[in-house]
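Let's take a walk through a protein fold together. Have the picture open and follow along as each part comes up.

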Amino acid sequence: MHSDLKPALYVVIGASLWGAIGLFTRPLYDSGLSPLQITLTRCAVTLVFMTITIFVLDRKMFRIDPKDIWMFIGTGLFSIVFFNVMYFTSQQMVSLSTASVLLYTAPSFVMIMSMILFKEKLTKNKLLALALAFVGCAFTTGLGFGDMNIGVLYGILAGFGYSLYSIFGKYALEKYGLLTILFYTFLIAAVCLIPFADVPYIVSSMGDTDVLLLVIGLGLLCTVLPYYFYTVGLNGMDAGKASIIAFVEPMVATVLSIIVGDEFGWMNALGIALILGSVILLNMRSKESVQDVSG
C-alpha cells in the first residue's frame with residue numbers, strides 16, 4: 001500500500017504548491033507584467049535553478065538524443081508556454097475561480113489521450129473520481145455562470161495545454177531522468193517566449209526588489225518544486241490518475257484565499273470534501289486492475 005500512496009503523495013505536494021501561484025501572480029499583474037511576460041520570468045527562474053542543479057550533480061544529464069527533442073517541444077512549447085499564457089489570459093477575462101475550474105478540464109483530456117496512446121484502462125473508479133473532483137472543484141472555487149465569455153474558451157484551452165505535460169512527460173520519462181526533462185522543458189519554453197516578451201521591460205521591472213522576490217518565489221516555490229514532485233509522482237502511476245489527484249490544487253488555492261481574507265461558505269467546504277474524496281477513491285484497492293505504466 002505504501003508503494004501505491006507514495007507517488008500519490010508526491011503529486012499532492014506538487015499540486016499544493018501550484019495552488020499557491022495566485023499569491024505571486026496577482027501582485028505581478030499589478031506591477032504591469034503581462035501573462036506572457038510572467039510566463040517567461042517563471043520559465044527563466046526555473047531554468048536557472050535546473051542548470052545550477054545539473055552542474056552540481058552530474059553534467060551528463062545535459063545529454064539527450066537530438067531525435068528526442070520533440071518530447072521537450074511537447075512539454076515546453078505545447079504544454080508550459082501554451083498552458084500558462086492561456087491560463088493567465090483567462091484569469092484576466094473571467095474570475096480566478098472560473099479560470100481555475102476550467103483548467104481542471106485537463107484530466108478529461110489526459111484520460112482520452114492516455115487510452116489511445118498508453119492503452120490505459122478507463123476504470124469505474126477513475127470515472128467516479130473525475131466526476132467527484134470536477135463537481136468539488138466547482139463548489140470549492142464558487143463557480144458561477146456570470147463569466148461566460150471568450151475567457152471561458154481560453155480556460156478550456158489552458159486545460160488542454162495543462163494535460164499535455166502528463167502525456168509528453170510520460171514519453172520522456174521512458175528515456176530520461178527528471179532533471180533532464182525539466183531542464184529542456186523550460187529551456188525550450190523560455191527560448192520560444194523571448195522574442196515576444198519585451199525582455200528589456202522585464203529586466204527594468206526586476207529593479208523593484210518586491211517584483212524580483214515575487215519572480216524568484218514564482219519560479220522556485222510554484223514551479224521548480226511542484227514540477228519535481230509531480231514528475232516523480234507521475235513516474236509511479238498512470239497519467240490519468242496523477243492528473244485527477246492534482247485536483248487538490250484549486251482546493252489549496254481556496255484555503256489560501258481564506259487565509260488572506262476571502263469569503264468562505266458551505267459550498268467551499270463541500271467542494272474540498274468532494275476533492276479529498278476523489279483522491280481517497282483513486283487510492284483504494286478495487287477489483288479493477290489498473291495497468292502499471294510506470295517509467
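We'll start with the overall layout, then follow one helix, and finish with the aromatic rings and the core.

Keep in mind that this is a predicted model. The protein chain has 14 helices and zero strands, so if you read along the sequence you'll just meet one α after another. Of the 295 residues in the chain, 53% are buried. Now look at contacts between residues at least 6 apart in sequence: 90% of them join residues at least 24 apart.

Next, find helix α11, which covers residues 209-234. How far apart are the end C-alpha atoms of α11? They are 36 Å apart, and that agrees with the 38 Å you'd expect for 26 residues at 1.5 Å a residue. Still, α11 has a kink of about 25°, centred on P226. At the start of this helix, D208 puts a side-chain oxygen within 2.9 Å of the backbone nitrogen of D210.

Two residues are worth a stop along α11. I216 sits in this helix and is partly exposed, because its relative accessible area is 35%, while buried would need a value under 20%. Leaving out residues up to four places away in sequence, I216 touches V45 and L221. The C-alpha atoms of I216 and T46 are 8.6 Å apart, even though 170 residues separate the two along the chain.

T223 is also in α11. Is T223 buried or exposed? Its relative accessibility is 0%, so T223 counts as buried. The T223 side chain reaches the backbone oxygen of L218 at 2.8 Å. Apart from residues up to four places away in sequence, T223 touches R42, T46, F186 and L218.

Now for the rings. A pair of aromatic rings is described by how far apart the centres are and by the angle of the planes. This structure holds 17 aromatic pairs. One of them joins Y10 and F229, with 6.0 Å centre to centre and 25° between the planes. That pair counts as stacked because its angle of 25° falls under the cut-off of 30 degrees. The two partners come from distant parts of the chain: Y10 is in helix α1, F229 is in helix α11, and they are 219 residues apart. Y10 is partly exposed at 25% relative accessibility, whereas F229, with a relative accessible area of 19%, is buried.

Another stacked pair is F83 and Y87, at 6.1 Å centre to centre and 25° between the planes. Here both residues lie in helix α4, residues 69-93, just four residues apart, or about one turn of the helix. An α-helix has 3.6 residues a turn, so residues three or four places apart point the same way. F83 and Y87 are both buried. They also belong to a cluster linked by ring pairs, along with W18, Y29, F88, Y162, Y165 and Y230.

Last comes the core. The largest nonpolar core has 90 residues, and the members that touch the most others are L28, Y162, Y227, Y230 and F247. Helix α9, residues 178-193, supplies the largest share of this core, with 11 residues. What is Y227 in contact with, leaving aside neighbours within four places in sequence? The list is W18, R42, I80, F83, Y165, L178, L182 and F186. You've met F83 and Y165 before, in the ring cluster.

Key
Residues are numbered from 1 along each chain as its sequence is written. This is a predicted model: local features need pLDDT of at least 70, side-chain atom pairs count only at pLDDT 80 or more; totals for chains, interfaces and linings use all residues. Side-chain values use heavy atoms; hydrogens and water are left out. Rings of Phe, Tyr and Trp (its six-membered ring) pair if their centres lie within 6.5 Å; planes under 30 degrees apart count as stacked, over 60 as edge-to-face and the rest as tilted. Buried means under 20% relative accessible area, exposed over 50%, partly exposed in between (1.4 Å probe, protein chains only). A nonpolar core is a set of buried Ala, Val, Leu, Ile, Met, Phe, Trp, Tyr and Cys residues joined through side-chain atoms within 4.5 Å. Contact means heavy atoms within 4.5 Å. The expected span of a helix is 1.5 Å times one less than its number of residues. The bend at a residue is the angle between axes fitted to the seven residues ending there and the seven starting there. A polar contact is a pair of N or O atoms within 3.5 Å; within protein, one must be able to donate a hydrogen and the other to accept it, and residues adjacent in sequence count only if both atoms are side-chain atoms.
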